[in-house]
Amino acid sequence: MLKVAVIYGGMSTEHDVSLISGKNVIDNLDKSKYEIYEIKITKDGKWLDKRDREIKDIYKLLKEMNVVFPVLHGLYGEDGTIQGMLELAKVPYVGCKVLASSVCMDKVYTKIIFEKAKIPQAKYIYLKDENTYVDENFDEIKLENDEIIKLVEEKIGFPVFVKPSNSGSSVGVNKASDGPELIKYISEAFMYDRKVLIEEAIVGKEVECAVLGNKEVQASTVGEILSAEDFYSYDAKYANKESKTLIPADLSAEKIEEIRKLAIKAFKTVDGSGLSRVDFFVQEGTGKVYINEINTMPGFTEISMYPKLWENAGISYTELLTKLIELSF
Ligand SMILES: Nc1ncnc2c1ncn2[C@@H]1O[C@H](COP(=O)(O)OP(=O)(O)O)[C@@H](O)[C@H]1O
Ligand SMILES: [Mg+2]
């Protein structure tokens, strides 16, 4: 029996989602192969065992494991921090390494890398530390509110999406239709991060592709999000029962193929390993595909897109978890 530590919870805004993902992973892991150690990280960063007792020497416990499955979403879990700790403990772990994790957690840096790789994406600008605009040469220019509005009109055009660079589960993400909304949502986004991304709004379908592998990377078919609200907000993702997913997406076979190829390319571009869910938009009218983001630890609830996409390929949830653990060695 291999000892597997499943870590869930965490200090991010996605703590509650991770609790559900973690429980699902534990329920579905193959009990004939793995002996499971549950570890819960509380919102304020305490590490608890199965019976909610604080683990005194977490480093020692991790070193005793054969493999760790960090089912954590967002900051301090999906961003390279836990991954760094696991590297130091010299214990294999499921998913992306430090660099891919931290790059994909930061939407601005993901964009910079996609731009270099010529992967099509929505037009954008970003701000740092309130009203500091960082231009194409990474030079910093302090702007007044009206100058920011003018810049957005010139470079992108309304409506735009405003996001904290480190966001997840749509927390702090808003769609701004005009200048006053833009300024309001920029301040809101700065409550979550010191970098804020302002992005062209793409009208069309929102689709997702699951990738799996290290050097040899497989891509699943493409799934579609049918959001119950104007966009896939926190409420639309987790509360509104009218939101649905559709597998495969309502797209031509050629389009699905194009998206699968782009998903693998994007995953390799950020030097991903293990798994990721790569999210795209398909523009209405033009059919043009735009990458949105890479989630290095996607949702793992029973209804989450990542396991469902593999189920569609004939890989059960339990088999998927076994593959992920095997990939970590
Ligand atoms: N450029 C965009 N065009 C259209 N919709 C967008 C755009 N950016 C984000 N959205 C909407 O907002 C949601 C959350 O944004 P996203 O960048 O995926 O952040 P998160 O990391 O929180 O999931 C998306 O699922 C989508 O519905
Ligand atoms: Mg998203």
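Domain bounds, as I use them here, come from an automatic or database domain assignment.

**Ground rules.** I am reading a predicted model, in which local features need pLDDT of at least 70 and side-chain atom pairs count only at pLDDT 80 or more, whereas totals for chains, interfaces and linings use all residues. Residues are numbered from 1 along each chain as its sequence is written, and chains are lettered from A and ligands numbered from 1 in the order in which they are written.

**Ligand 1.** I first looked up which domains line the ligand, and found that domain 2 (104–118 + 203–296) and domain 3 (124–200) each give at least three residues to the shell around ligand 1. A residue is near a molecule if its C-beta atom, placed from the backbone, lies within 6 Å of it; 19 residues surround ligand 1, and F161, S170, I202, F231 and Y232 come nearest. By class the shell holds 8 nonpolar, 5 polar and 6 charged residues, where Ala, Val, Leu, Ile, Met, Phe, Trp, Tyr, Cys and Pro count as nonpolar, Asp, Glu, Lys and Arg as charged, and the others, Gly among them, as polar. At least two shell residues come from each of β8 (160–164), β10 (195–200), β14 (274–283) and β15 (289–295), strands being DSSP runs of E of at least two residues and helices runs of H or I of at least four, numbered from the N terminus.

**Domains.** I then noted that the protein chain is divided into domain 1 (2–94), domain 2 and domain 3. The centres of domain 2 and domain 3, taken over C-alpha atoms, lie 22 Å apart. Their contact takes 11 residues from domain 2 and 12 residues from domain 3, two residues being in contact if their C-beta atoms, placed from the backbone, lie within 7 Å. On the domain 2 side, α5 (107–116) and α8 (234–238) each supply at least two residues, and α5 gives the most, with 3 residues. That side of domain 2 divides into 5 nonpolar, 1 polar and 5 charged residues.

**Sheet.** I traced an open sheet of 4 strands in the order β3-β2-β1-β4, with mixed pairing; two strands pair if DSSP finds at least two bridges between them. Its edge strands, β3 (47–48) and β4 (67–70), each pair on one side only. Strand β1 (residues 2–9) runs parallel to β4 and is joined to β4 by 4 bridges, and V6 stands opposite F69 in β4.

**Whole chain.** I recorded 11 helices and 15 strands for the protein chain. Along its principal axes the C-alpha trace spans about 60 × 45 × 35 Å.
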